[in-house]
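User: I should like to understand the terms used to describe a protein structure. Please explain the reasoning behind each one.

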Amino acid sequence: MLLRRSRLLSGRSERGLYFPINHRIVDQRNAPQAGTEEADIQSRYRRQLRTSFITGETRQTEAPAWSQRVRPTHFLSLPLPARCTLRVRVKEMHDAMIFSDQHVRPLLIPTAKLHVTLGVMSVDNGAGAAAESQEGSKRVAVTNGRSPADLLASIQDCVDQATRDICKEPLQLRFRGLGVFGHGRVLFSRCISEAHFSTLDNLVRRIRRDVGLGLGVDMKGNPHDSYVPHVTVAKIRPSQRTEFGRQVPMSIWINHQHHDFGDATFNKIDLCAMSGQGKDGYYSVVSSTDI
Amino acid sequence: MLRQSFLRLPWWNFQTEHRQRCVMMYGGARTKNTHNANHRVYVRKFKRNAFPNRTRHHWAVSMTGVQGQRPRRMPWPYDLTSMIFNQPRQGSDKIGYVVGTSMLKTAVVAANHMVYYPKFNQRVSRTSRFFAHDEDLACVEGDLVHIKQSRKISKYKHYYVFSILEPNVEGRERLKLGLKAVPPPLFGYPVSRRVVKLNLTNTEGTKEKLAAAIQEHVQDAYRFAGPTPDQPRAKLTDSASFDDANKMIAPNAPETTALPHGEEPAFLGDGQAAGSEFSELDEDGRQKKGEDYWMNLQPKEKYDYKSLKKSP
């Protein structure tokens, strides 16, 4: 009897506010009178109200529709130095993920390929130009005068120039926590805004402006906008979508959501091509700049 | 209605100039003369040493009212916050330091506000703590933050961290090293009793120290027994012999010398045989007599005040 009463007292109804504040939700998307008279609309609203901090969702600069149809071909990256805590910890995290769930193995990015992505661009070669849509063709017209090799060389010049102007010393960056792009399709390790992050940000802005506006290259996203530098850790490729679904399940990375991946010092900026293999498992580097 | 208007007097007239108290003849403020000079008294209900409250005891008439408290203090919105922000309503923006982030997504912010004493023409700043919501756990203890009022977020949260004006860089570094952002304070709130910290010395003395501490607590519990007389309490009952009684009354007196043999009195004063006990009947009678004597006395016989006064 006593036990039952105590359970009653500690029961859900009596352990807090009578109408808990997180349940007080009015959905303005419904028609104004719907909830009162016609129908009772029930939903688990807290799921929609979860913030980006909970879901890890991060806003990358969004490419316009014409640009989204074109596959990116090249990207700017900071290759990880040899002997770097970031790589070791990502490796540990991968091991933990595989231990908890065998199936995720094809999703994980191999450790040799880890890099900090500073920007993605599509530089059209002959095959790509044919596949482009009408909106893209205007873009092509700007760059048509030069061959892709020329274009890459001039991009490299821009990057050199920007690096010389902005980066005086090797970039020390900190990586902590996981984030997600594209509704959970891409899982990455965040570069937090401490240490030399602002220098990096200036650099990225400068390069995007020079390359995107000056050369008229299709940097994905608005060239006036900055890019969120990140280290991609796992992702679902379009070919894997049928097998793995649209998003990396949160349950496999939630334990590492705020994991500290350590500091790293970078002294090189690479312009890499996405297709083709480089040496020891890394992407094929088109050109690189020393900081 | 009648009764309300009954008391309203033209306040500028003297008492003898009053004609009618229903109307103001030429206008003016209709005031109701509340009788301020009434002799409010405090009725004491408790003994001086037994008030049913632990901390604050209450022995006199207390001044009631919040705005009417004297010396009068009033909220003073002309402080730093209002210099910086243009607030849609008072207290919608605050600047304060983060003290405590032990709750998830909640920063405790200590912010100041001003209180003005018109009597002394001076301002005082008071501190209050607010719970502020920071969604991504960005705050570290010691940050200077700008918090804003928002909708109710939880039972005690109606502020959110709008911006971090000055991050505690050192605290963040400490957190990165795995330490606490701010070292915890050495002392807690003040306590009234002496706290005995044990085990500061070697392991041998510990038991004795513990015994001493417990002894102290027992001593403390003895205060509920009230004041203790110096001498041990021995009751003077009928069964006590004369010598015992004598010892109780004058413990340091020299020993009574025994009477020489043969001189013992055969009878006590009232003619009873010394050796024999009283019978039960006699006992009752004596008891009754004593009670009559002590309890049926009239006060004036008990205490003769007149003679008391007259005595030199």
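**Terms and evidence**

Analyst: The count between chain B and chain A is 3 salt bridges. This is a predicted model, in which local features need pLDDT of at least 70 and side-chain atom pairs count only at pLDDT 80 or more, while totals for chains, interfaces and linings use all residues. Residues are numbered from 1 along each chain as its sequence is written, chains are lettered from A and ligands numbered from 1 in the order in which they are written, and side-chain values use heavy atoms, with hydrogens and water left out.

User: Why is the pair K176(B) and D263(A) called a salt bridge?

Analyst: The term requires a side-chain nitrogen of Lys or Arg within 4 Å of a carboxyl oxygen of Asp or Glu. The closest N and O atoms of K176(B) and D263(A) are 3.5 Å apart, so the pair satisfies the rule.

User: What makes up the side of chain B that touches chain A?

Analyst: That side has 2 nonpolar, 1 polar and 7 charged residues; Asp, Glu, Lys and Arg count as charged, Ala, Val, Leu, Ile, Met, Phe, Trp, Tyr, Cys and Pro as nonpolar, and the others, Gly among them, as polar.

User: How many residues are in contact between the two chains?

Analyst: In chain B, 10 residues are in contact with 8 residues of chain A, contact meaning heavy atoms within 4.5 Å.

User: How much area do chain B and chain A bury between them?

Analyst: They bury about 820 Å², 62% of it on carbon and sulfur atoms. Buried area is the accessible area (1.4 Å probe) that two parts lose on being put together, summed over both. Within chain B, E135(B), K155(B) and K176(B) lose the most area to chain A, together 51% of what that side buries.
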